[in-house]
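Please open the model in your viewer and keep the selection tool at hand, since this tour moves from one selection to the next.

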Amino acid sequence: MRTLTFRRPDDWHVHFRDGAAMRAVVPYTTRAFGRAIVMPNLTPPVTTTALAAAYRERIRAAVPEGMTFTPLMTAYLTDGSDPTDIVSGFGDGVLTAVKLYPAHATTNSQFGVTSMAAVAKVLAAMEKAGMPLLVHGEVTRTEVDVFDREARFVEEVLAPLLADFPALKIVLEHVTTAEGVAIVRENASRMAGTMTPQHLLFDRNEIFRGGIRPHMYCLPILKRSTHKQALRAAATSGESCFFLGTDTAPHLRHLKENACGCAGVFSAPTAIEAYLKVFAEENALDRFEAFASLNGPAFYGLPANDERVTWVEQPRLVAEAVEVEGQGEIVSLFAGETVGWSPATA
Ligand code: DOR
Ligand code: ZN
């Protein structure tokens, strides 16, 4: 039975939602991670420093007693974002980054950016301030095949963006393609890519294995296995431009198991287990700490967490669902299944 000790990891991409759902899901992130980058796609979205500061307080109130956890906040970029507010929020330590959703790309992205020209002033101010831009990298034109949307974004939007803002720090969130891996690597001096458990573990067949599986539907959608292989090689390479970001995205069961189901995989309860499975399969457990605990803080200019945690290669049965008070339940990645790793202290 293998054991692995590493610095407490951070999650560089989470959706905490708000209200009762937030109170239900936050403890799953805080028990495994020291910090998390919190996505701003609430309704209405977290578009300003003041809204982010208020949301941060609500998250802090949902952290279980005795847990040490730091939420790192993002602002939702819109065509009307105020560069002064965004950059001063960064200077004040309220905002860590800005999130770019192309309009209509995903959940609550209807307020997102309609063209890069519309946000050029904000991006220029962020570039000057050293504030990272976190990108949902998919084109949204309906004629583009859903499996091609990331690759097209890399070519049509990200490459010109890198050229237009040569010092802007950019994270390509939830990389799902070989094209995404390549552009991150080529620009590693100021770019990074986060990777989710599901894109490292599964290819697109998983959405249709034995019938349609709505809990495996997320955006960007799972891709063919050649892309999964490129992601696994990158994640386990130790290269500092790739790090952990679960994109844990809870939706109530009835909104997933629905004729028009929501996108998102709720991975927080089993994320470390899932990543460890990948690193064990790739014989790369010695590089796990770089991916989970070191590369992210280095990119964001933060110290790595001091605390060490130990995980054991010991099977654990995962709960069927997580209850949201008064609303229903949320099904997590590996719900009702057995995972191969457990926290040593559990
Ligand atoms: O699958 C997804 N779910 N992708 C996103 O980009 C958003 C997220 C959500 O908020 O549910
Ligand atoms: Zn996300």
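What follows is a walk through the two ligand sites of a predicted model.

Begin by selecting ligand 1 together with its surroundings, which comprise 13 residues, the closest being R17, N41, T106, L219 and H251. If you colour this shell by residue class, you will find 4 nonpolar, 7 polar and 2 charged residues around ligand 1.

Next, display the polar atoms of the shell and look at three pairs in turn. At L219, choose the backbone rather than the side chain, where an N or O atom lies 2.7 Å from a nitrogen atom of ligand 1. At H251, turn to the side chain, which places an N or O atom 2.7 Å from an oxygen atom of the ligand. At H15, a polar side-chain atom is found 3.3 Å from an oxygen atom of ligand 1. With these contacts in view, switch on a surface: of the 290 Å² of accessible area that ligand 1 has on its own, the protein covers 100%. Hiding the ligand then leaves the space that it takes, and this space is the largest cavity.

Now select ligand 2, the zinc ion, whose protein donors are NE2 of H13, NE2 of H15 and OD of D247, at 2.0 to 2.1 Å from the metal. Along the chain these donors are spaced as H-x1-H-x231-D. To see how distant parts of the chain are linked here, select H13 in strand β2 (residues 11-14) and then D247 in the loop between β9 (242-244) and α9 (253-256), a pair 234 residues apart.

Finally, return to H15, which appears at both stops: its side chain has a polar atom 3.3 Å from an oxygen atom of ligand 1, and its NE2 is a donor of the zinc ion.

Technical notes
Residues are numbered from 1 along each chain as its sequence is written. Chains are lettered from A and ligands numbered from 1 in the order in which they are written. This is a predicted model: local features need pLDDT of at least 70, side-chain atom pairs count only at pLDDT 80 or more; totals for chains, interfaces and linings use all residues. Side-chain values use heavy atoms; hydrogens and water are left out. A residue is near a molecule or strand if one of its heavy atoms lies within 4 Å of it. A polar contact is a pair of N or O atoms within 3.5 Å; within protein, one must be able to donate a hydrogen and the other to accept it, and residues adjacent in sequence count only if both atoms are side-chain atoms. Accessible areas come from the Shrake-Rupley method with a 1.4 Å probe; for residues, only the protein chains shown count as cover. On a 1 Å grid over the protein atoms alone, a cavity is a set of points where a 1.4 Å probe fits but cannot get out, and a pocket is an open set with protein on both sides within 12 Å along at least five of seven lines; lining residues have an atom within 4 Å of a point. A molecule sits in a cavity or pocket if more than half of its atoms lie within 2 Å of its grid points. Ala, Val, Leu, Ile, Met, Phe, Trp, Tyr, Cys and Pro count as nonpolar, Asp, Glu, Lys and Arg as charged, and the others, Gly among them, as polar. Donors are N, O and S atoms within 2.8 Å of the metal (3.2 Å for Na, K and Ca); water is not among the atoms, so sites may look incomplete. Helices (H or I, at least four residues) and strands (E, at least two) are DSSP runs, numbered from the N terminus.
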